[in-house]
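Got your viewer open? Let's take a walk through this protein together, one selection at a time.

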Amino acid sequence: MKLFLPKQHGAWAMTIIPFWLGVVDGGFLWEHIPFFIGWIFLYLATYPMLLLFKKKKIEFYKKWTMIYMIPALLFLLFPLLKMPSIITFGFLMVPFFIINAYYTSINKDRALMNDFSAIFAFSIAGLASSYLGKGLISYETILIFIASVLFFIGCTFYVKTMIREKKNIQYKWISWGYHSLLLIISLTFGYWIVAIAFLPSLIRAVIFYGKTLSPMKIGIYEIINSTLFFVVIIIQIVLLK
């Protein structure tokens, strides 16, 4: 049986990075392993679940929703039994899922608000993984959450300038201005390491603009950029402790 997998490859970085940044911040527990596996299955389940709102191939999408949702719930029992209050973060994700469902139902999956909503939901997973480790949401945890949200919003602007909006000059300036602003704000508040984490995003947004890159090359460069962000933010987390 061929697996039914999400086509948004960039979402994998959003699934992985905030979660493990939260683990670094909160401290690793063995429950993080089933938590992460459950989180992956939950992401896989939401893909066919959202497609149900298109009201096509209902039985097919129902089947794949259940295939992924059952193991997701089983694995997520481990963090839930360790700390029952962690379910709060699941409730926080619900409004963003509703927004995604709405845009899917009207066939506007690529709308900016739909992308932003998904980014917030994925980043909440980082809050949850940190909370599991230390039992509270600290100032550092909020900083990591904000950094993750801002980073992936920047990725959204950049990818649009390279594919769907590559001839839209307005998007170019939005992307360049946004990435520049991230550096300015980080430096203004004294977070020069966070500024370093955002710097590669600005560089690639400028030097790659207008160049003809295949989706595969864009994806490879985004993996490299996301990895750099991940490593540098880990350094910031360690220094804040």
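Here is a tour of some stops worth clicking on. Keep in mind that you're looking at a predicted model.

**Stop 1: a patch on the outside**

Start by selecting M66, I70, L74, L77 and L81, and switch on the surface view. These residues make up a nonpolar patch on the surface. Together they offer about 520 Å² of accessible area. Now click on I70, which sits in helix α3, running over residues 58–82. Is I70 buried, exposed or partly exposed? With a relative accessible area of 47%, I70 is partly exposed.

**Stop 2: a loop residue**

Next, go to W30, in the loop between α1 and α2. W30 counts as exposed because its relative accessible area is 54%, and the cut-off for exposed is over 50%. While you're there, select P79 as well. W30 and P79 are 49 residues apart along the chain, and their C-alpha atoms are separated by 9.5 Å.

**Stop 3: salt bridges**

How many salt bridges does the structure hold? There are 4, and we'll visit some of them.

Show the side chains of K134 and D25. They meet in a salt bridge, with 3.0 Å from N to O. K134 belongs to helix α5 (residues 112–134) and D25 to helix α1 (residues 10–26), so this pair ties together parts that are 109 residues apart in sequence. Look at how much cover each partner has: K134 is partly exposed, at 28% relative accessible area, whereas D25 is buried, at 5%.

Now move to K54 and D109. Their closest N and O atoms are 3.1 Å apart, and the two form a salt bridge. This time you're looking at loops: K54 is in the one between α2 (32–51) and α3, and D109 is in the one between α4 (87–105) and α5, so the contact ties together parts that are 55 residues apart in sequence. K54 is partly exposed, with a relative accessible area of 25%. D109 is also partly exposed, at 27%.

Then pick E222 and R204. Here the closest N and O atoms of the salt bridge are 2.8 Å apart. E222 lies in helix α9 (residues 215–240) and R204 in helix α8 (residues 192–207), so the pair links parts that are 18 residues apart in sequence. Are these two buried or exposed? Both E222 and R204 are buried.

**Stop 4: a pocket**

Time to look for a hollow. The second largest pocket has a volume of about 280 Å³. To find it, select L143, I146, L150, I185 and Y191, which are the closest to its centre among the 13 residues that line it. Try colouring by helix: α6 (139–162), α7 (169–188) and α8 each supply at least two residues of this pocket's lining. Which helix gives the most? That's α6, with 6 residues. Colour by residue type and you'll find 12 nonpolar residues and 1 polar one in the lining, with no charged ones.

**Stop 5: a long reach**

Finally, select L199, which is found in helix α8. L199 counts as partly exposed, at 35% relative accessibility. Add V94 and draw a distance line between the two C-alpha atoms. L199 and V94 are 32 Å apart in space and 105 residues apart in sequence.

How values were computed. Residues are numbered from 1 along each chain as its sequence is written. This is a predicted model: local features need pLDDT of at least 70, side-chain atom pairs count only at pLDDT 80 or more; totals for chains, interfaces and linings use all residues. Side-chain values use heavy atoms; hydrogens and water are left out. Patches are made of residues with over 30% relative accessible area and no salt bridge: like charges are joined within 9 Å, nonpolar side chains (Val, Leu, Ile, Met, Phe, Trp, Tyr) within 5 Å. Accessible areas come from the Shrake-Rupley method with a 1.4 Å probe; for residues, only the protein chains shown count as cover. Helices (H or I, at least four residues) and strands (E, at least two) are DSSP runs, numbered from the N terminus. Buried means under 20% relative accessible area, exposed over 50%, partly exposed in between (1.4 Å probe, protein chains only). On a 1 Å grid over the protein atoms alone, a cavity is a set of points where a 1.4 Å probe fits but cannot get out, and a pocket is an open set with protein on both sides within 12 Å along at least five of seven lines; lining residues have an atom within 4 Å of a point. Grid points are joined across faces, edges and corners, and a volume is the space filled by probe spheres set on the points. Ala, Val, Leu, Ile, Met, Phe, Trp, Tyr, Cys and Pro count as nonpolar, Asp, Glu, Lys and Arg as charged, and the others, Gly among them, as polar.
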